[in-house]
Amino acid sequence: MNAGPVIGPRLGWLALATALALPVQAQDLAGHGGPVGALDARDGLLVSGGFDTRAILWDLDTAAARNVTRFHDGNVTAVRLLPAGGFVTAGQDGRLALWQAQGRAPEFATMPGQSPIASLDVAPDGSAVAAGFWDGQVVLLDLATRTTTEMQAHTDRVVGLGFLPGGDLVTVGGDLRLARWTGGLDLQFRRDLPDLPNGLAVSGDRIAVIFAEGALRLYAQNGDLLPERFLTDRPLVAVAATSADIATAAIDGTVWLLAAGDLAQRHMFTAASGPVWGLTLTPTQVFTAGADGLIRRWSLEDATPLGDHAGVVTADYDDGSRGAEIWQSCAVCHALTPDDDSRAGPSLHGVLGRPIAAQPGYDYSAALRDMDIIWDEQSVADLFKYGPEAYTPGSRMPEQRISAEADRAALVAFLARATAAID
Ligand code: HEC
């Protein structure tokens, strides 16, 4: 962990606010309580979906979590930012949910589906969302009318889908086929694929498909095969693209950055020791995520890591103690000043001695509002001894535990000191 600069307690949080303006730009995003399987970034925002059933909206400039949502029953399997603001999530529960940037509950959700959703995309004009299901169905959700259209697109899992610039939809399935559909879901054509596809991303007017045999193939809008590259003998499991760049990742954590035109390799690097399931690109950065739940940032230009892989430093106050060091992982979601309501969790200013769910102005989950706990040094320590799932079931705070008793004691002592110093 990066404990940040050591500053005297009373001056601490004022001085730090200035000191932090620079490094934060390059921080990794730490906040999920388990593996992260889905990412999408654009225009300074990133949305992530985790096995912890949460989706988190992040501010990329400050690396702070803006909104932690908890709605799906099971993994959040796919996420997309919406061009008009807000985002859409899809889950193992087969549901699609539409969110405002700040909402605690979805503004709209479909009923539970027959099977999990594996893939998701938003039409270029922002008018519709398409979801691909494990049972081969595709559901189109019209964002203006909130009505859905369904069709059986494949006889096996829809492993990838994407909208072409003109609004047509392309899908690839476990039935080893690529298909193109009109915006009204009329079939244009089907093509057989040479191997099992694992995902799809649209790059400009071309279609990048990744395969279990380790190949990446580009297809034209008419289904013709363009360049192909055999990158590895391991399965490729994630793909993301802009019109200039394509990124793909293998099950062993290797990531390739390729020129979209001819698939020339620009860079290859190891992002993780296990699979990279979440992958997304902005014009300058690459984001990866997998089993350890940390969302890592890399430079698109030279593939160097931009974060320190040690969590986010956005603390309002730092006295250089062990407790302050542990607090760094909380600061991504909790402020210590009373008036900061820009983070995903409530300010913890003065939390010791306060009943649960009592910070004025914060919109708590119904689960927390119904509980009867007074936060003191013992109960805050217990919250992280047993974890929020067990101690406060239904909480939107992601699962996390602090295993060493001395660390829990250091954290609560720090909370008491920080509140006294910031008063
Ligand atoms: C990824 C975001 C996130 C992280 C990281 C996080 N929390 Fe939370 N926390 C939340 C959210 C969201 C809530 C409100 C939950 C709800 O309303 O269901 C919350 C609630 C709480 C509460 C109850 C507050 C109240 O007013 O009743 C405490 C105490 C707390 N968190 C402490 C911590 C500590 C200490 C850490 C670090 C060890 C931490 N949290 C890390 C998101 C987070």
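Colleague: Which helices and strands each supply at least two residues of the shell around the ligand?
Modeller: Strand E4 (64-70) does, along with helices H2 (322-331), H3 (366-369) and H4 (377-386). Helices (H or I, at least four residues) and strands (E, at least two) are DSSP runs, numbered from the N terminus. This is a predicted model: local features need pLDDT of at least 70, side-chain atom pairs count only at pLDDT 80 or more, and totals for chains, interfaces and linings use all residues. Residues are numbered from 1 along each chain as its sequence is written.

Colleague: Which element gives the most to that shell?
Modeller: H4 does, with 3 residues.

Colleague: And which residues come nearest to the ligand?
Modeller: A residue is near a molecule if its C-beta atom, placed from the backbone, lies within 6 Å of it. Here 30 residues surround the ligand, and Gly 31, Cys 330, Cys 333, Gly 345 and Ser 365 come nearest.

Colleague: How many residues of each class does the shell have?
Modeller: Ala, Val, Leu, Ile, Met, Phe, Trp, Tyr, Cys and Pro count as nonpolar, Asp, Glu, Lys and Arg as charged, and the others, Gly among them, as polar. The shell around the ligand has 22 nonpolar, 7 polar and 1 charged residues.

Colleague: Where does the ligand lie relative to the domains?
Modeller: Domain bounds come from an automatic or database domain assignment. The protein chain is divided into domain 1 (27-299) and domain 2 (322-422). Both give residues to the shell around the ligand, so it lies between them. The centres of the two domains, taken over C-alpha atoms, are 33 Å apart.

Colleague: How many residues are in contact across the two domains?
Modeller: Two residues are in contact if their C-beta atoms, placed from the backbone, lie within 7 Å. In this model, 16 residues of domain 1 touch 11 residues of domain 2. On the domain 1 side, strand E3 (54-59) and E4 each give two or more residues. The largest share there, 6 residues, comes from E4. That side divides into 6 nonpolar, 5 polar and 5 charged residues.

Colleague: At what angle do H2 and H6 cross?
Modeller: Axes are lines fitted to C-alpha atoms, for helices over the stretch in contact, and angles run from 0 to 180 degrees between N-to-C directions. The axes of H2 and H6 come within 8 Å and cross at roughly 90°. The two helices are therefore roughly perpendicular to each other. (Under 35 degrees is roughly parallel, over 145 roughly antiparallel, 65 to 115 roughly perpendicular, the rest oblique.) Their contact has 7 nonpolar, 1 polar and 2 charged residues, by class.

Colleague: What about H4 and H6: at what angle do they cross?
Modeller: Their axes come within 9 Å and cross at roughly 135°. H4 and H6 are therefore oblique to each other. In H4, Glu 377, Val 380, Ala 381, Phe 384 and Lys 385 meet Arg 408, Ala 409, Val 412 and Leu 415 in H6. Those residues divide into 6 nonpolar, no polar and 3 charged.
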